[in-house]
Amino acid sequence: ECTWPDDRDSLVRKSIIRRGRRAAERLISFLYYLPALRCLSPVQAAQSSVQSPCFDVCRIPDSDFQRVFQYLVRHDRNENLDQFCFSSTPSRESYARIIEVLLQYCGGIGNPSWSVLRHFVRFLSVQLKDCEENDFCNFQVCGDLLPGLKTFVLKLVILMSTDFCTPTLNAAETNRADDLQRYRARRNWEQSPHPYLFFNKDRHTMTFMGLRVTDSGQLIDASSGQTLAEQIMTPKLRQALTLQRISLEEDYNRWSKERLIEDLCKVMGLPESSTGDPDPSYELTVDNVIKIMAIQMRFRCGIPVVVMGETGCGKTRLIRYMCLLEAKKTHINNMILMKVHGGTTGADVARRVKEAEEQAKKNMPHNVKTI
């Protein structure tokens, strides 16, 4: 994320070693025509009084950064968010102040990179935009029937954001104690809670997964029973949601496969006519549903997805089931598989990627993602 290193001398020394002194002299004459810029980290940018020209600072006036900042700064002041909606007018606050507010809530990471902060902002922005467009959160539609709903949504998506802006740590990486410090911000999927709330594309329903909320407003991880937040919502809102037939005490492990598929299709934005099991032999667990939901949400937010695991643990089967679910009844090929081994060349990879791009273009008119 640095536009240009400050230490040009190090490049000159490397050039002397690799190419000889004459080549280094030509490099010196070229290097000094280039500008020297130092890219500040988000923490450094928040502490700086200078409008730094580095990387994402120029993106702060964008709607994603402005929407998230407007919500977080009001939440920081304990303001009622029920009637608040994003204003496209950029904030007059300094860039440093905006970054400072974002860092307060960015996944508990002490010194995040710009990419982590950008993913955090993008995820929150998409969720908050969906929240504004959903009938449950529209004050003009529901009035004060669900008091404090937007505040609850903001608190929950901040908790969710750790799954979308923080890389997951593979268990095999935890063997060396001296490496743990640089992985402190990473998470282990199996040992971490995944309380999810998604606003469905129909704009009048929402899907909860992996969480329970007690009558007193306490947020509980559905799988481990761990308390995630003491008061994620007020008892009044909890009662109001119950009256709207929104259950927050579900035992997801007791759900039938049909029920899991139904909720999964709502999150994926698939029409009701397409619901049904595309592969009866596949064991669809709650954990698999949550993983597919997380992958779909990353797609929507433009956040990269890498699925990692040991050979035979079910990575390909999980992705294939997700693709079948989206492409069923259309018989479209939307999953391109490439096996990489010792004999695979760069040309092989490039050719397969080209084929995937061509297939994706064919699938676009059908509104089907290609993986």
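1. Let's start with how much of the chain is tucked away. In this predicted model, buried residues make up 44% of the 371 residues in the chain. As for the outside, the chain exposes about 20,800 Å², and carbon and sulfur atoms supply 50% of that area.

2. Next, what is the chain built from? You can count 14 helices and five strands. Have a look, too, at which parts of the sequence meet: among contacts with a separation of 6 or more, 65% are between residues 24 or more positions apart. When you trace the fold, then, don't just follow neighbours along the sequence.

3. Now for the sheet. Three of the strands come together as an open sheet, in the order β3-β4-β5, and the pairing is antiparallel. Which strands sit at the edges? They are β3 (211–213) and β5 (227–229), and each of these pairs on one side only. Going from one strand to the next, the twist averages 35°.

4. Zoom in on one pairing within that sheet. Strand β4 covers residues 219–221 and runs antiparallel to β5, with two bridges joining them. If you'd like a specific pair to find on screen, take Leu-219: its bridge partner in β5 is Ala-229.

5. One residue I'd click on is Asp-263, which lies in helix α11 (residues 257–268). Is Asp-263 buried or exposed? Its relative accessible area is 8%, and buried means under 20%, so Asp-263 counts as buried. What does Asp-263 touch, once you leave aside its neighbours within four places in sequence? The answer is Thr-207, Trp-255 and Met-293. Try showing those three side by side with Asp-263 to see what surrounds this helix residue.

6. Last, the empty space inside. How many cavities of 30 Å³ or more are there? The count comes to one, and the largest cavity has a volume of about 60 Å³. Its lining is made up of Asp-82, Phe-136, Cys-137, Asn-138, Phe-139, Cys-142, Gly-143, Leu-146, Leu-149 and Lys-150. Two elements each give two or more residues to that lining, namely α7 (139–142) and α8 (149–160). To find the spot yourself, start from Phe-139 and Cys-142, then pick out Leu-149 and Lys-150, which are also among the lining residues.

Definitions and conventions:
Residues are numbered from 1 along each chain as its sequence is written. This is a predicted model: local features need pLDDT of at least 70, side-chain atom pairs count only at pLDDT 80 or more; totals for chains, interfaces and linings use all residues. Side-chain values use heavy atoms; hydrogens and water are left out. Two strands pair if DSSP finds at least two bridges between them. Helices (H or I, at least four residues) and strands (E, at least two) are DSSP runs, numbered from the N terminus. Axes are lines fitted to C-alpha atoms, for helices over the stretch in contact, and angles run from 0 to 180 degrees between N-to-C directions. Buried means under 20% relative accessible area, exposed over 50%, partly exposed in between (1.4 Å probe, protein chains only). Contact means heavy atoms within 4.5 Å. Accessible areas come from the Shrake-Rupley method with a 1.4 Å probe; for residues, only the protein chains shown count as cover. On a 1 Å grid over the protein atoms alone, a cavity is a set of points where a 1.4 Å probe fits but cannot get out, and a pocket is an open set with protein on both sides within 12 Å along at least five of seven lines; lining residues have an atom within 4 Å of a point. Grid points are joined across faces, edges and corners, and a volume is the space filled by probe spheres set on the points.
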